[in-house]
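Open the model in your viewer and keep the selection tool at hand. We will go from the whole chain down to single residues.

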Amino acid sequence: MTTHTTRMLILGSGPAGLSAAIYGARAGLAPIVVQGIQPGGQLMTTTDVENYPGFKDVIQGPWLMEQMQAQAEHVGTRMMWDTIVEIDLSRRPFRLIGDSGDVYEGDALVIATGAQAKWLGLDSEEALKGKGVSACATCDGFFFRGKKIAVIGGGNTAVEEALYLTNHSDDVTLIHRRDSFRAEKILQDRLFAHKNVKVLWNKEVETFVDGGGTAGLVALELVDTVTGEKSRLDVEGGFVAIGHHPATELFRGHIELDSDHYIKVETGSTRTSVPGVFACGDVMDKIYRQAVTAAGTGCMAALDVERFLAEADFEVAEAAE
């Protein structure tokens, strides 16, 4: 067992965690990033990225994360391949234990563990991810300009994504397994008033149909949840919009979460309910969920950490006089 100590400990290595690391390292905090169960975050499973500022041409998600990690390491970040399984936030330095048995101690902690989209769990869905099947309309809608699109879901996320996709397509179908939406009424009113959105009630997706070769998604095979009747809907884009899971299981009972299990932060900052613990990226943001906004909050977290540690050092120095 090895104990690793740092002024700034970061959990998560997506855009938020690595941005925090870059800023923290440049401030001389010698951060440690524990990469977690999915090093690089969600962008490691994203192929074409067209909306990250600074790149004229389409770039690949894994390449972008490799560049971010290389930059973080170049300025003084230590990357650790481990997954945290136990935490103690009751006192500083905060103490975390990895699956490897190693111990990580930090004077400040940045949580950037992200969130995962919920999927239907179909084999055909998995096979067509990135080939017509997506869980982020804002990320991928642009690639489906002028094409027939389906959105699966019935909550706020589904209705918002269907409305957003009308910016790119005049043929959007929203598929819901029940006969009414859970979404807020104002969103439903906007949806029902939109001429380019159709709704299929009481329908579930049984199969995402692969057209073979480079065709990708060509149709959805549906089943009626009331009658059992089978049907087919020809589409070129399928957006699964049934919510997200923030990766906060480890922090329950240790830090304040909201009703959807996202980490609560003070408005306009990344400060959590525990002094010295900060949260950034999708683990605290259930509204925007973009790589660039995650990176922005990662920068905020590093600046918040720097201020916190400077104040803590000043208090220690004063007490010693």
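The tour starts with the whole chain and then moves to a helix, some rings and a few backbone spots.

**Stop 1: the whole chain**

Keep in mind that this is a predicted model. Show the protein chain as a cartoon. You should find 7 helices and 19 strands. Now turn the chain around. Along its principal axes, the C-alpha trace spans about 75 × 40 × 35 Å. How does its radius of gyration fit a compact globule? For 321 residues the rule gives a value near 20 Å, and the protein chain has 22 Å, which agrees.

Switch on the surface. The accessible area is about 15,800 Å², and carbon and sulfur atoms account for 50% of it. Of the 321 residues, 49% count as buried. Colour by charge next. There are 29 positive and 45 negative side chains, and the centres of the two sets lie 5 Å apart. Contacts also reach along the sequence: among those with a separation of 6 or more, 59% join residues 24 or more positions apart.

**Stop 2: a covered helix**

Select residues 156-165. This is helix α5, and 7 of its 10 residues are buried. Which ones are they? Pick T157, A158, V159, E161, A162, L163 and L165. Now show what lies over them. The cover includes helices α4 (137-140) and α6 (185-193). It also includes strands β11 (149-152), β12 (172-175), β13 (197-200) and β17 (237-240).

**Stop 3: aromatic rings**

Select the rings of Phe, Tyr and Trp. The count comes to 7 aromatic pairs. Zoom in on Y52 and F55. Their ring centres are 6.5 Å apart and their planes meet at 40°, so this pair is tilted. Y52 is buried, at 16% relative accessibility. F55 is partly exposed, at 31%. Add W63 to the selection: Y52, F55 and W63 form one aromatic cluster.

Next, select F181 and F192. This aromatic pair is stacked, with 5.9 Å from centre to centre and 25° between the planes. F181 sits in the loop between β12 and α6, while F192 belongs to helix α6, so the pair ties together parts 11 residues apart in sequence. Is F181 buried or exposed? It is buried, with a relative accessible area of 8%. F192 is partly exposed, with 46%.

**Stop 4: a residue in a strand**

Go to T6, in strand β1 (residues 3-11). T6 counts as buried, at 8% relative accessibility. Show its contacts, leaving aside neighbours within four places in sequence. You will find L29, A30, P31 and I32 among them. R78, E105, G106 and D107 are also in contact with T6.

**Stop 5: unusual backbone**

Most residues other than glycine have a negative phi, and most peptide bonds are trans. Here are some exceptions to look at.

- Select R92 and P93. A cis peptide bond joins them, with omega about 0°. P93 is in the loop between β6 (84-88) and β7 (94-98).
- Select N202. Its phi is positive, about 55°, although N202 is not a glycine. N202 lies in the loop between β13 and β14 (203-210). At 19% relative accessibility, N202 counts as buried, because the cut-off is under 20%.
- Select H261. Its phi is also positive, about 75°, and H261 is not a glycine. Look for H261 in the loop between β18 (244-246) and β19 (277-279). H261 is partly exposed, at 36% relative accessibility.

Notes: Residues numbered from 1 in each chain as written. Predicted model: local features only at pLDDT ≥ 70, side-chain atom pairs only at ≥ 80, totals over all residues. Heavy atoms only, no water. Helix = DSSP H or I, 4+ residues; strand = E, 2+ residues; numbered from the N terminus. Rg over C-alpha atoms; globule rule 2.2 N^0.38 Å. Buried < 20%, exposed > 50% of the residue type's maximum accessible area, 1.4 Å probe, protein only. Contact = heavy atoms within 4.5 Å. Areas by Shrake-Rupley, 256 points an atom, 1.4 Å probe, with all protein chains shown as cover. Lys, Arg positive; Asp, Glu negative; His and termini not counted. Charge placed at Lys NZ, Arg CZ, Asp CG, Glu CD. Phe/Tyr/Trp six-rings, centres within 6.5 Å; stacked < 30°, edge-to-face > 60°.
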